[in-house]
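Q: Please take a close look at the side-chain pairings in this model, and set out which are present, which are absent and, where it can be said, why.

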Amino acid sequence: MASTIELQCVPHERFEFVLYDDDGSELLRGLPCSTRGQARRAAVATATAIELEERVFQRSLHGELFLAVHDEHDELIARSPHVGTEREIEDLLTEARHAAPRAQLVDLTAERA
């Protein structure tokens with residue numbers, strides 16, 4: 001299985017993207033967007049931003065760690081799943097940096113156009 005970025009419909013007529021690794025595990029999830037085009041642009045921006053140290057931040061919430069990816073305007077555009085250790089967050093970042101540039105975009109929203 002190849003890495004993919006899926007554009008998905010979410011509740012309240014919103015769209016988001018999810019970056020999956022080769023094994024199908026979720027690496028990053030975009031914030032909900034009003035349009036499919038916004039979600040697609042956020043996915044492309046995330047694939048670029050994940051490579052830049054100044055755009056990726058490690059955050060903590062309730063004792064768990066996650067990655068926050070920001071765009072060129074310093075706005076949050078994607079987050080990783082929560083993990084428990086520094087090693088897991090480092091591995092997740094490495095996997096996301098490997099998967100994002102080669103991920104195939106799959107639009108699961110076409111039937112909702």
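**Side-chain pairings**

A: The structure holds zero disulfides; the model is a predicted one. A disulfide is a covalent bond between the sulfur atoms of two cysteines. Cysteine 9 forms none because its sulfur lies 12 Å from the closest cysteine sulfur, that of cysteine 33, which is too far for a bond. The cut-off for such a pair is 2.5 Å between the sulfur atoms. Cysteine 33 is likewise in no disulfide, the nearest cysteine sulfur being that of cysteine 9. As for their surroundings, cysteine 9 is partly exposed, at a relative accessible area of 25%, whereas cysteine 33 counts as buried, with 12% relative accessibility.

Aromatic rings give a similar count, as the structure holds zero aromatic pairs. One ring does have a charged partner: the charged end of arginine 79 sits over the ring of phenylalanine 66, at 4.0 Å from the ring centre.

Among charged side chains, aspartate 21 merits attention. Aspartate 21 is found in the loop that runs between strand E2 (14-20) and strand E3 (26-30). Although buried, aspartate 21 has no salt bridge. The nearest side chain of opposite charge is arginine 102, 4.5 Å away, and a salt bridge requires a side-chain nitrogen of Lys or Arg within 4 Å of a carboxyl oxygen, so this pair does not qualify. Arginine 102 is nevertheless a contact of aspartate 21. Leaving aside residues up to four places away in sequence, aspartate 21 also touches Ala2, Ser3, Leu27, Glu95 and Ala99.

Key: Residues are numbered from 1 along each chain as its sequence is written. This is a predicted model: local features need pLDDT of at least 70, side-chain atom pairs count only at pLDDT 80 or more; totals for chains, interfaces and linings use all residues. Side-chain values use heavy atoms; hydrogens and water are left out. Helices (H or I, at least four residues) and strands (E, at least two) are DSSP runs, numbered from the N terminus. Buried means under 20% relative accessible area, exposed over 50%, partly exposed in between (1.4 Å probe, protein chains only). Lys and Arg count as positive and Asp and Glu as negative; His and the chain ends are not counted. Contact means heavy atoms within 4.5 Å. Rings of Phe, Tyr and Trp (its six-membered ring) pair if their centres lie within 6.5 Å; planes under 30 degrees apart count as stacked, over 60 as edge-to-face and the rest as tilted. A charge sits over a ring if NZ of Lys or CZ of Arg is within 6 Å of the ring centre and within 35 degrees of the ring normal.
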